[in-house]
Amino acid sequence: MSDQVSVMTGNEAAANAARLARVQVIAAYPITPQSPVVEQLAAWVESGELPAEFVAVESEHSAMTVCIGASTVGARTFTATSSNGLAYMTEQVWWAPGARLPIVMCVVNRAMAAPWNVLNDQQDSMSVRDAGWVQLFCRDNQEILDTTVQAYRIAERLHVPVMVCYDGFLLSHTMMPVAVPAPEQIDAFLPPFTEPFTVVDPGDPHNIGPVVMAEPRADETGATRGGYMEIRALHHRALLDALAVIPETDAEYASVVGRSWGGLTWEHLLDDAEVVLVAAGSLGTQLTVTAEQLRAEGVKAGVLGIRAYRPFPVEALRAKLAGRRLALVFDKALSYGYEGPICSDLRGAMLGADGAPAVFGAVCGLGGRDVSPEDLAEAARRALTDLDAGARTRETDWINLHLEG
Amino acid sequence: MSEISMSRPAVGEAGRTGDWRNNRPVMDAAKCLAVKQGRVTCQICWVYCPDGCIAQGVGPVIDLTYCKGCGICAEECPAGAIEMQPESIHGVCAVDETGEAAR
């Protein structure tokens, strides 16, 4: 069976994935740069090509609420948003994982206001990294399609929602060849979702999501029901289980469709690399050019891409980075008053690990600020200069910042 | 252990919510319309109780194991038959609704 290759945007790739996954309920509110995803899906629902319910809502909060309701009764649901839309959705972004609903949401990464800006960085999804979703980052449009399909398998195995993050405009509105698998292939990979935690049965009414007390207590049958901490501990365990399920799903997908994306992480020229450039999303694709450029200059550089940001693949990163001189992390987001989030997480993961490299951070591309492979190479040269001067830690390097004048 | 919060409707499925009460509804049977008429009438307190812990009757009976003391029944009673009294005067709670320690 051969894939149909089309030239399409990242948003079209996401919409194709939702269609291939045979989503049953779609609820979304338009926001730049996400809008074309739901415009495409709405058109397919309207034409009858996609037999799904498309629920037009008045806000992102309601979009996620509709997905929560539909997922609670076992429907396969899809939504997508960006930036301030995700922020407006935040309350329900927390509800979905706490209720263990396998919702898949594409987050088309865009800067958070203020000041108003519709262009790309990754601050939006980073701001909800702790909400208990699996967060996967994509580096190109093919990966958006394949990862969004995989996300349903991961979500439904673990009963946790999955956020598929991809860079606004850089991917969402950029056209590239994308192979679209045949529907039968995806049907073989992704069976219908049949085992929700919640079963709505009028003959056996349940309270779904009632208040829980601090301590475990007996329910109406006398069986012990967890308190808040027990329910959250099991949720955390499911996220940690995703460290195995994400690569397994990627491998299953490869066996059916023929493409693998590396599971938790991906790499380029990493084998003998002394300097490892780390990033999530399309920035990683740019870093492959940077690494090749640095190699031409005699620097043994490689790229380690973060595909799964939550759960954070600590063991995989330790194994990949042991024995390197430097890990230079490029964040398109910032924890204001500290540093880039991936940098912090990576430094924490490396602490005490055998052969851990120095971890330096750089922030770039906020609000769509252009960053070229040469800019990234220059940042790597600065980092190496600092490392050679004996630095083991360093202030965050801001790339292409122009405060003068 | 269950991964999510879920229960079946049952008395007390949310716990002994009466433990939360600062003020207790106390019914003066002599003022209750149902008692005065000797039949199951009015029952407005039963209608309004948000936690379903008032049983219909002549007069209605409040289950203090689950009554949170919200005071809606006292507010809605057309005969003024229900008075909210601080738990402190019943010796249950040492703190009245204003947060001042009972003397």
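Strand 4 of chain A, residues 77-81, is where I will start. Five of its five residues are buried, so the strand is largely enclosed by the rest of the structure. Before going further: this is a predicted model.

Look at which way the side chains of strand 4 go. A:Thr77, A:Thr79 and A:Thr81 point one way, A:Phe78 and A:Ala80 point the other way, and all are buried. The general rule applies here. In a regular strand the side chains alternate between the two faces of the sheet.

What does strand 4 of chain A pair with? One partner is strand 2 of chain A, residues 25-28, which runs parallel to strand 4 and is joined to it by two bridges. Within that pairing, A:Val25 sits opposite A:Thr77. Another partner is strand 5 of chain A, residues 104-109, again in the parallel sense, over four bridges. There, A:Ala80 of strand 4 has A:Cys106 as its bridge partner.

Next, the domains. The assignment divides chain A into domain 1, residues 4-188, and domain 2, residues 267-398. Taken over C-alpha atoms, their centres are 28 Å apart. Domain 1 puts 23 residues into the contact and domain 2 puts in 18. On the domain 1 side, the elements giving two or more residues are helix 6 (123-126), strand 6 (134-137) and strand 7 (162-167) of chain A. Strand 6 has the largest share of that side, with four residues. By class, the domain 1 side has 12 nonpolar, six polar and five charged residues.

Now the sheet in chain A that takes in strands 12 to 14 and 16 to 18. Six strands form an open sheet in the order 12-14-13-16-17-18, with mixed pairing. Which strands stand at the edges? They are strand 12, residues 265-268, and strand 18; each has a single partner strand, so one side of each is left without a neighbour in the sheet. Inside the order, strand 13 and strand 14 of chain A pair in the parallel sense over six bridges. One of the bridge pairs there is A:Val278 with A:Leu304 in strand 14.

That brings me to helix 13 of chain A, residues 373-388. The helix has 16 residues and reaches 22 Å from its first C-alpha to its last, close to the 22 Å expected at 1.5 Å a residue. Which of its residues are buried? They are A:Leu376, A:Ala377, A:Ala379, A:Ala380 and A:Ala383. These buried residues cover an arc of only 160° around the axis, which puts them on the same side of helix 13. The general background is familiar: an α-helix has 3.6 residues a turn, so residues three or four places apart point the same way. On the other side of helix 13, A:Glu374, A:Thr385 and A:Asp388 are exposed.

What covers the buried residues of helix 13 of chain A? The cover includes strand 13 (275-280), strand 14 (301-306), strand 16 (326-331), strand 17 (358-363) and strand 18 (397-398), along with helix 10 (282-296), of chain A. Those five strands also appear in the order of the open sheet I described. After helix 13 comes A:Gly390, with a positive phi, near 105°.

Last, chain B and its contact with chain A. Chain B has 103 residues, and 24% of them are buried. Its secondary structure consists of three helices and five strands. From the N terminus on, the elements run β-β-α-α-β-β-α-β. Of the contacts in chain B between residues at least 6 apart in sequence, 56% join residues at least 24 apart.

Between the chains, 23 residues of chain A are in contact with 13 residues of chain B. On the chain A side, strand 9 (207-208), strand 11 (224-225) and helix 9 (228-257) each supply at least two residues. Helix 9 gives the most, with three residues. That side of chain A divides into 10 nonpolar, seven polar and six charged residues.

There is also strand pairing across the two chains. Strand 9 of chain A is joined by two bridges to strand 1 of chain B, residues 6-7, and the two run antiparallel. Which residue is the bridge partner of A:Asn207 in strand 1 of chain B? That partner is B:Ser7.

Notes: Residues are numbered from 1 along each chain as its sequence is written. Chains are lettered from A and ligands numbered from 1 in the order in which they are written. This is a predicted model: local features need pLDDT of at least 70, side-chain atom pairs count only at pLDDT 80 or more; totals for chains, interfaces and linings use all residues. A residue is buried if 20 or more other C-beta atoms lie within 10 Å of its own, exposed if 12 or fewer, and partly exposed in between; C-beta atoms are placed from the backbone. Two residues are in contact if their C-beta atoms, placed from the backbone, lie within 7 Å. Two strands pair if DSSP finds at least two bridges between them. Ala, Val, Leu, Ile, Met, Phe, Trp, Tyr, Cys and Pro count as nonpolar, Asp, Glu, Lys and Arg as charged, and the others, Gly among them, as polar. The expected span of a helix is 1.5 Å times one less than its number of residues. The arc is that of the directions from the helix axis to the C-beta atoms. Domain bounds come from an automatic or database domain assignment.
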